[in-house]
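These are my notebook entries from a first reading of the structure below. I record what I looked up, step by step.

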Amino acid sequence: MHHFQILRQIKECSKFQLPIQGKKLHAHVVKSGLDLHGPLYPNTLVDMYGKCGHLKDAVQLFDEMPSRDLASWASIFTAHNQANLPKHTLILFSGMTSSDGLQPDHFIFASLVKACASLNALKPGLQLHAQFVVSPFSDDDVVKSSLVDFYAKCGLPDIASRVFDSIVSKNVVSWTSLVYGYARMGKKSEALELLRDMPLKNLHSWTALISGFVQGGHCVDSFKLFNELRRGGVDIEEPFVLSSLIVGSATLAMLELGKQVHRLVIGLGYESSSYVSNTLIDMYAKCSDILAAEKIFSNMKNRDIVSWTSIIIGMAQHGRAVEALSLYDEMTLTGLKPNEVTFTGLMYACSHVGLVDKGRRLFKSMVVDYGLKPSLQHYTCLVDLYSRSGHLEEAENVLNSMPFKPDEAAWAALLSACSQAGKNKTGVRIANHLLQLGPEDPSTCILMSNIYARAAMWDSVSTVRKLMLTLESKKKPGYSCVDLGKENEVFYAGETTHPMKNEIFGLLKELDAEMRKRGYVPDTSLVLHDMEQQEKERQLFWHSERLAVAYGLLKSAPGTSIRILKNLRVCGDCHTVLKFISSIVSREIVVRDANRFHHFKDGVCSCRDFW
DNA sequence: CTAGGGTTAG
């Protein structure tokens with residue numbers, strides 16, 4: 001074989017992702033001693049390994065190269081970008097200028113800017129832009145296009161637009177980058193206008209707009225656009241856009257909508273895409289249908305770390321911690337390595353069933369066995385674990401020795417434990433830390449106020465109560481949305497204008513009487529204003545989740561579960577009430593609040609009263 | 001030989 005033929009074949013391997021054949025050709029080159037003839041083989045081979053996802057081989061070859069030119073560096077950068085290691089791309093770049101003394105060309109600039117874009121690394125990106133402008137390559141449209149994408153991803157659509165204007169021959173790639181930037185920042189009309197004006201658009205462009213809307217939280221708009229895309233008869237030849245829509249359904253917590261997208265996935269034949277299945281697992285879990293999530297998971301042929309992590313977190317959030325932990329055991333048996341996200345789910349699971357030793361071992365295993373660096377969130381989970389199980393000293397030790405500044409959640413976990421264990425002295429110390437930090441969660445304030453009251457520190461009590469009043473005025477209005485399949489109904493606290501107000505009120509009153517017979521005592525400690533007990537109880541009575549439950553009971557088919565989405569956390573009293581109601585009416589009530597899921601059934605909640 | 005746009009878990 002002539003060497004140009006071999007080169008062509010290696011390139012074919014990169015194009016069609018055939019690493020095994022590529023490896024054979026590599027062996028052939030080595031055996032024939034051909035790599036001595038020119039610099040093209042190593043570069044082409046590095047490129048091939050990178051594009052086939054064999055980063056290790058690419059790096060090894062790169063390291064063994066006697067001399068490296070700009071193309072070698074460009075290939076190794078692409079390999080790292082593609083392996084989702086953009087950070088390494090930037091680290092390697094400093095070696096390129098320092099050890100090899102090379103200056104970046106347009107290929108290098110484009111790869112580096114892409115790395116900055118996926119990292120959201122504004123500062124290095126700005127530096128590269130400055131370097132690019134004064135370089136001999138400053139006219140290159142591809143680099144400019146990568147800069148448009150970079151500014152779009154960094155949330156700077158106006159700068160993106162200025163760079164876009166400087167592109168001499170704009171193509172579908174540069175247009176799409178800008179569309180994405182506008183969509184993400186909620187610049188709806190600009191994004192739509194741009195899409196309309198595009199001389200050439202493809203599925204890629206539509207997907208950029210739709211996913212941009214989802215990521216910017218404008219999920220309803222993303223569905224509107226998708227309908228437009230369908231009406232326009234665009235062929236959905238790849239499932240990217242479907243993943244975005246599934247994320248959109250999950251964000252909106254609209255189960256029926258998610259199911260509709262799922263049916264479309266099946267109809268278009270994308271059930272086997274692991275990206276799609278992974279988003280479906282998460283969507284069903286977030287829409288409270290954990291059984292459907294399990295079903296997707298168990299039907300998957302090739303489960304990756306995201307699939308396992310999604311189902312583990314789903315289980316943990318739905319209060320099924322034991323299953324979450326045994327899924328982890330099953331996962332490790334298959335040889336898959338957990339990552340930081342997996343451990344977040346596992347620690348969460350442990351702390352919610354009080355498995356202290358297990359949680360401690362997992363935390364250690366994360367560092368020792370897998371070389372992962374725990375984040376603040378992991379430490380907070382650890383503090384939570386120790387606090388809840390009464391290991392107060394250990395909890396405080398973690399707080400004081402962890403390599404992060406503890407946040408409100410971490411301090412509050414310990415404070416709550418102090419309060420329960422009657423450790424007033426420690427409690428006061430923790431509360432003082434919190435006061436300095438400026439707590440933003442009303443339930444943290446309640447804890448602090450109680451601790452100070454027990455220590456007879458009335459000045460501090462009054463400081464905290466003042467703080468609570470300012471928090472109250474900044475608070476988002478609470479609402480609950482009950483999902484009745486075809487329709488959703490939103491209720492705000494104290495709402496008195498609903499057409500079915502009388503029926504709702506009547507039902508709640510009936511339930512209230514029955515609950516009191518069964519021993520319910522309203523907990524008004526969270527109602528702030530100075531008013532009579534009766535008035536406080538009346539306030540609780542009109543909390544949005546109760547209105548939503550009553551409406552759900554009136555409108556839904558007997559025996560079905562009632563699904564409610566709440567934008568804030570469920571208050572302690574409503575939590576008690578929902579437990580009572582679930583047993584009085586023998587119905588399952590599933591509430592997704594700002595933090596987690598609560599499955600109320602037969603008078604108990606899956607969260608075991610801790611949330 | 002080498003570069004730029006759209007998808008997943010906290």
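I began with the annotated repeats. The UniProt record, an unreviewed entry, places the feature "repeat: PPR" at residues 38–72, 171–205, 304–338 and 339–374. I note that the model I am reading is predicted.

I then looked up the secondary structure of two of these repeats. Residues 171–205 are 74% helix and 0% strand, and the C-alpha atoms at the ends of this stretch are 11 Å apart. For residues 304–338 I again found 74% helix and 0% strand, with the end C-alpha atoms 10 Å apart.

Next I turned to DNA strand B. Which residues come nearest to DNA strand B? Of the 54 residues around the strand, I listed Asn-43, Lys-153, Gln-215, Asn-278 and Asn-339 as the nearest. I sorted the residues of this surface by class and obtained 18 nonpolar, 25 polar and 11 charged. I also asked which helix gives the largest share of the surface. Helix H13, residues 203–215, does so with seven residues.

I checked which parts of DNA strand B face the protein. Among the strand's atoms within 4 Å of the protein, 42% belong to sugar or phosphate, and the rest belong to bases.

Last, I recorded individual polar contacts. The side chain of Asn-171 has an N or O atom 2.9 Å from a base nitrogen of DNA strand B. For Asn-339, a polar side-chain atom lies 2.6 Å from a base nitrogen of the strand. At Ser-211, a side-chain N or O atom is 3.1 Å from a sugar or linking oxygen of DNA strand B.

Note on methods. Residues numbered from 1 in each chain as written. Chains lettered and ligands numbered in written order. Predicted model: local features only at pLDDT ≥ 70, side-chain atom pairs only at ≥ 80, totals over all residues. Heavy atoms only, no water. UniProt positions renumbered as here; feature names shortened; annotations may be inferred. Helix = DSSP H or I, 4+ residues; strand = E, 2+ residues; numbered from the N terminus. Near = heavy atom within 4 Å. Polar contact = N/O pair within 3.5 Å; in protein donor to acceptor, adjacent residues only side chain to side chain. Nonpolar A, V, L, I, M, F, W, Y, C, P; charged D, E, K, R; others polar.
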